[in-house]
Amino acid sequence: MRKIDEIMAFNEQFVANKAYEEIERNYPDKKIVIVTCMDARLTELLPKAMDLRDGDAKIIKNAGAIITSPFGNIMRSILVALYELNAHEIFIIGHLNCGMTGIDPETVVEHMLERGVPEQTIHTLRHSGVSLNRWLTGFDSVRESVENSVDIVRNHPLLPPNTPIHGLIIDPLTGELEKVIDGYRYLESIG
């Protein structure tokens, strides 16, 4: 059976059995927005390690928890969470042993070619001003990546003043959190 068919069959039973009634839904208590990695190990672990319940946080995921553009989709989502969805603090959470550590953009492009992307498409993109190497790059240090992402958010011209922006690293096996940047301490130091 194809994955979409498996999911749809399960969903039909989920709804028919009213399994949704078993899900605890709460009003947000913590009022935070989290940017973290899409690593599947964090799906259940991260909320439990942070004592988050359904509704406590707006969780935005991407490869590596990397914020590269101050006017990209991730930053837009952060701003919407702050201005429209009642979030008050931001957590950038990278993790140990991330697949984006040391990722080689040229290897990613090779894999694209192997999976059927035409060489002409890669050539056209490269000669149209698209830097695939910059766009597909990872990082050498998760700590530096978290620090860079916090810095991009912290310096955004549309960020509400005095918004705490924290940087953390989580161990994807144990859930242990390491504080890299304390957003409260930073605000105290500048204010």
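Two residues are said to be in contact when they have heavy atoms within 4.5 Å of each other. In this protein, among contacts between residues at least 6 apart in sequence, 71% join residues at least 24 apart. The structure is a predicted model, in which local features need pLDDT of at least 70 and side-chain atom pairs count only at pLDDT 80 or more, while totals for chains, interfaces and linings use all residues. Residues are numbered from 1 along each chain as its sequence is written, and side-chain values use heavy atoms, with hydrogens and water left out.

The overall build comes next. The protein has 8 helices and 5 strands, where helices (H or I, at least four residues) and strands (E, at least two) are DSSP runs numbered from the N terminus. Read from that end, the elements follow the order α-β-α-β-α-β-α-α-α-α-β-β-α. Along the principal axes, the C-alpha atoms fill a box of roughly 55 × 50 × 35 Å. Of the 191 residues, 36% count as buried; buried means under 20% relative accessible area, exposed over 50%, and partly exposed in between, using a 1.4 Å probe and protein chains only.

A good place to look inside is Ile 92, which sits in strand β3. Ile 92 is buried, because its relative accessible area is 0%. Leaving aside residues up to four places away in sequence, Ile 92 touches a set of residues including Val 35, Ala 65, Ile 67, Val 146, Val 150, Ile 165 and Leu 168. From C-alpha to C-alpha, Ile 92 and Ile 32 are 11 Å apart in space, with their positions 60 residues apart in sequence.

Two asparagines offer a contrast. Asn 97 lies in the loop between β3 (89-95) and α4 (105-114), and its relative accessibility is 63%, so Asn 97 counts as exposed. Asn 162 is found in the loop between α7 (142-154) and β4 (165-170) and counts as exposed because its relative accessibility is 63%. Phi is positive in each, near 55° for Asn 97 and near 65° for Asn 162.

Helices α4 and α5 (residues 119-126) pack at an angle of about 140°, with their axes 9 Å apart. The two are therefore oblique to each other, given that angles under 35 degrees count as roughly parallel, over 145 as roughly antiparallel, 65 to 115 as roughly perpendicular and the rest as oblique. On the α4 side the contact is made by Glu 106, Val 109, Met 112 and Leu 113, and on the α5 side by Glu 119, Ile 122 and Arg 126.

Finally, the surface holds pockets to explore. A pocket is an open set of points on a 1 Å grid over the protein atoms alone, where a 1.4 Å probe fits, with protein on both sides within 12 Å along at least five of seven lines; lining residues have an atom within 4 Å of a point. The largest pocket has a volume of about 400 Å³, a volume being the space filled by probe spheres set on the points. Of its 14 lining residues, Asn 62, Ile 66, Thr 68, Ile 74 and Trp 135 lie nearest the centre, and α3 (73-84) and α6 (132-135) each supply at least two of the lining residues. The second largest pocket encloses about 210 Å³. Ile 66, Gly 138, Phe 139, Ser 145 and Asn 148 lie nearest the centre of this second pocket, and α7 gives the most to its lining, with 5 residues.

Methods
Axes are lines fitted to C-alpha atoms, for helices over the stretch in contact, and angles run from 0 to 180 degrees between N-to-C directions.
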